[in-house]
Each structure stands twice: as structure tokens, then as C-alpha cells.
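Biologist: I would like to learn how to read a model like this one. Could you take me through its features one at a time?

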Amino acid sequence: MTAIVHNTSPGLWRLAWRRLRADRVAMASLAVVAAFLLMLVLSASGLIVADWEREVGVNYAPPGFVGAEPAVQAAPAQAAQALPDNPFDPLADDIRALRAQLAAGGEGAIDMYGVTDPLAADLAQLRGARGDTAAAHAGAGRLATLPFGADKWGHDIIKKTIKGGETSIVVGLVAALLAVGLGSLFGALSGYFGGVVDDLFNWFYSIFTAIPSVLMILAVAAVLQQKGVATIVLILGLTGWTGPYRLIRAEYIKHKAREYVLAADAIGASHWRRMFVHIFPNVSHVALVQMSILVVGFIKAEVILSFLGFGVPVGVVSWGSMLNEAQNELILGRWWQLTAAAIAMALLVTAFSLFTDALRDALDPKVK
């Protein structure tokens with residue numbers, strides 16, 4: 001008796017995985033995204049960069065491949081005389097008097113501009129009285145260069161970028177997941193049922209889109225009146241669902257009348273099963289593309305919120321706060337913090353976009 005062999009066709013996700021494995025760009029992008037996510041987990045657990053707040057370098061220590069900044073070799077009096085006077089400075093006469101005192105052998109600590117500190121002797125006496133040798137030698141032991149430089153406090157830029165990525169990735173991914181989840185749920189209900197349900201969700205959609213997105217974000221931030229990662233996620237997630245809603249609703253209106261949905265209805269499948277088991281896998285590529293776009297946009301929005309004072313609180317670092325600090329450093333020629341944050345953002349955003357594009361093509365049933 002010959003056994004009958006039943007050939008089971010592979011499912012949608014298995015076919016998608018086969019197509020992804022054949023795409024080298026997709027797998028390379030997936031490896032980059034996975035590396036960032038692994039970095040996020042290790043940073044959040046404290047296994048790496050737990051000491052990112054240590055002041056290991058001098059202020060604005062340059063990268064090692066640039067080399068340390070040349071120290072001022074001239075005497076303080078000569079350095080003071082080398083600085084030109086500013087005729088429009090209201091303190092020009094006072095500075096000229098201090099320089100004259102310095103040239104005459106005045107006492108006090110002298111900074112790089114040749115200005116004496118009248119309290120230097122008193123501070124040294126107080127430090128010596130309480131034995132505060134660490135404060136007396138605050139700059140001792142700091143490195144003149146770091147692998148990718150230091151910020152104005154002497155924090156290692158590489159460790160700061162990794163720690164900042166923890167905040168920015170969580171904000172971008174979780175806020176995008178919340179926005180796409182809400183938009184997909186609302187779009188599925190609206191497009192599948194239609195009628196009063198569709199009118200209700202369209203009314204909410206019209207309200208949210210009638211207000212400019214920046215004003216909507218600031219309004220929600222003003223209502224919450226709190227700073228923190230959870231607050232930023234709520235702000236961006238509750239204001240960013242309109243784009244996914246519009247596209248998912250249109251896809252559900254198109255798919256609910258197709259043969260495979262009518263066949264599922266004929267065999268007794270429930271509304272929930274038809275919506276999220278039969279239809280959603282065929283429109284999931286739209287949600288993934290929106291996820292990719294929103295992750296990029298939400299990381300940028302976090303920069304804006306941090307700049308306006310609604311972002312991460314003091315003591316929490318993110319790529320947005322790093323870019324906010326770097327705008328002042330760039331004027332002074334300190335480009336390394338801006339470069340580190342920009343490179344990290346570019347790598348993650350590019351890899352995530354390429355991977356989601358490849359996943360969209362792999363999940364699209366029209367693509368062979």
C-alpha cells in the first residue's frame with residue numbers, strides 16, 4: 001500500500017524569511033540593527049558604559065587621531081600681552097588694569113587669558129585646611145586625548161554615544177511601535193466595519209490632522225508637565241498614529257471585499273480572525289514601512305523636544321541632547337560630539353530603513 005504524501009505549502013512568514021536570507025543587503029542591515037539592539041540591552045543592564053559619567057579627559061579633549069592641543073608655552077604675562085584689546089568691551093579698562101598688575105608681579109592664579117583670580121590664595125588655604133587634595137588637583141590624572149574626544153566635562157564621547165543611543169533607540173522604537181499599533185488598530189476597525197465606526201475614527205483623525213504636528217506635540221507636552229523617556233514616548237505615540245491609520249484604513253477597505261476574505265467568512269471565521277489573521281499579514285508591509293519612517297522622525301522629534309525643554313531631564317543623555325550640546329561646541333571647533341551622534345544616528349536609521357524595505361518586499365504577495 002503506497003503512502004500518500006501531503007505537501008504543505010509554506011506560510012507567509014517562512015516565505016518572507018527565505019527571501020530575506022537571499023538578500024545580502026537585508027541581512028547586513030539586520031546585523032547592524034541587531035548590534036544596536038544588543039548595545040541597548042548591554043547598556044541598560046549596566047554591563048557596558050556604566051561609568052560614562054566619569055570625567056576621564058580634560059575639557060574638550062580632542063580625538064587621539066587628531067592629537068592633543070598644543071599647550072601655551074609662553075609665560076602668563078606674555079600670553080596676556082598677546083591678546084588684543086577689544087575697544088567695545090565695557091570691561092576693557094578693568095582687564096587692562098589686571099594685565100598691568102600681572103606684569104608688575106601680582107599674586108593669584110592666572111588663567112589662559114592672563115586674568116588673575118583674587119580668590120585663588122583663599123581657596124587654596126581652605127582646601128589645604130580641610131585636606132581636599134582631590135579638589136586641589138582637579139585636573140590631575142585626566143587624559144589629554146581620548147579615542148574620539150571628550151565633551152566639556154571630560155566625558156568619553158564613545159561611551160556617551162552608546163549611553164545616548166539607549167535613550168534615543170528606546171524613544172524611537174517604542175514611540176513608533178505605539179503609534180503604528182494605534183494607527184493599525186484604528187485603521188483596521190474603521191476600514192473593516194465602515195459606517196458609524198468609520199465616521200467616528202475619521203472625526204478623530206480630522207481633529208488631529210487639523211492641528212500642526214509641532215503644535216500638537218507641544219500641547220500634549222504642556223498637558224503632561226513631566227520630563228522623562230516615558231513622557232516623550234507618550235507624546236510622540238499619541239500624536240503620530242494618523243499616518244499609519246490613513247494607510248491601513250485604505251488597505252482594509254480594499255482587502256475586505258477580496259475572495260480570500262469572503263471565503264473565510266463562508267467557513268465561519270469571526271470578524272477578529274478575518275481582520276488580524278487573514279487581512280493584516282497581507283497589509284503588514286504598510287505598517288512596517290510606517291514603522292521605519294516614524295522611527296527616524298521620532299528620533300528627530302526627540303532632538304526638538306530636548307532643545308525646547310520638553311525632552312529628557314537633566315542627567316539623562318540621548319543623541320538629541322548630544323546634538324543640542326554640540327551646536328555650541330561646533331562654534332569653538334569641537335566637532336567630535338556632533339560627528340559621533342550623527343554617525344550613530346545615520347547608521348541606525350539607514351540600516352533600519354533598508355531592512356524594513358527588504359521586509360516589505362518579502363511580505364508583499366505580489367513580489368515573487
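**Pockets and helix faces**

Modeller: Start with a lining. The residues around the largest pocket divide into seven nonpolar, seven polar and five charged. Keep in mind that this is a predicted model.

Biologist: How does one find such a space, and what volume does the largest pocket have?

Modeller: The general idea comes first. Rolling a probe the size of a water molecule over the atoms shows where empty space is left. Here, the largest pocket holds about 370 Å³ of space. Its lining has 19 residues, and those closest to the centre are Val314, Gly315, Val316, Ser321 and Glu325.

Biologist: Which helix gives the largest share of that lining?

Modeller: Helix H14, residues 319-331, with three residues.

Biologist: What about the second largest pocket: what is its volume?

Modeller: About 310 Å³. It is lined by 20 residues, with Ser213, Val214, Ile217, Thr239 and Phe298 closest to its centre. Helices H8, H9 (213-224), H10 (229-239) and H13 (271-308) are the elements that each give two or more residues to this lining. H13 has the largest share, seven residues.

Biologist: How does the lining of the second largest pocket divide by class?

Modeller: Into 14 nonpolar and six polar residues, with no charged ones. Set that beside the largest pocket, where five lining residues are charged.

Biologist: H8 came up there. How do I check the length of a helix?

Modeller: Count residues and allow 1.5 Å for each. H8 has 16 residues, 195-210, so it should span 22 Å. Its end C-alpha atoms are 22 Å apart, which agrees.

Biologist: And which residues of H8 are buried?

Modeller: Asp198, Phe201 and Tyr205. They cover an arc of only 75° around the axis, so they sit on the same side of H8. The general rule helps here. An α-helix has 3.6 residues a turn, so residues three or four places apart point the same way.

Biologist: What do the buried residues of H8 pack against?

Modeller: Helix H7 (157-193) and helix H11 (242-255). The face turned away from the buried side carries exposed residues: Val196, Asp199, Trp203 and Ala210.

Biologist: Let me try the reading on H2. What span should it have?

Modeller: H2 has 22 residues, 24-45, so 32 Å is expected. The end C-alpha atoms are 31 Å apart, which agrees. Its buried residues are Ala26, Ser29, Val33, Phe36, Met39, Leu40 and Ser43. Seen down the axis, they fall within an arc of 150°, so they line one face of H2. On the other side, Arg24 and Val41 are exposed.

Biologist: Now a single residue. Is Ser292 buried or exposed?

Modeller: Buried means under 20% relative accessible area. Ser292 has 6%, so it is buried. Ser292 lies in helix H13.

Biologist: What does Ser292 touch beyond residues up to four places away in sequence?

Modeller: Phe352, Ser353 and Thr356.

Biologist: Last, the whole protein. How many helices and strands are there?

Modeller: There are 15 helices and two strands. Of the 368 residues, 37% are buried.

Biologist: What share of the contacts links residues 24 or more positions apart?

Modeller: 74%, taken over contacts with a separation of 6 or more.

Methods. Residues numbered from 1 in each chain as written. Predicted model: local features only at pLDDT ≥ 70, side-chain atom pairs only at ≥ 80, totals over all residues. Heavy atoms only, no water. Helix = DSSP H or I, 4+ residues; strand = E, 2+ residues; numbered from the N terminus. Expected span 1.5 Å × (residues − 1). Buried < 20%, exposed > 50% of the residue type's maximum accessible area, 1.4 Å probe, protein only. Arc of directions from axis to C-beta. Contact = heavy atoms within 4.5 Å. 1 Å grid on protein atoms, 1.4 Å probe; cavity = no way out; pocket = protein on both sides within 12 Å on 5 of 7 lines; lining within 4 Å. Points joined across faces, edges and corners; volume = space filled by probe spheres on them. Nonpolar A, V, L, I, M, F, W, Y, C, P; charged D, E, K, R; others polar.
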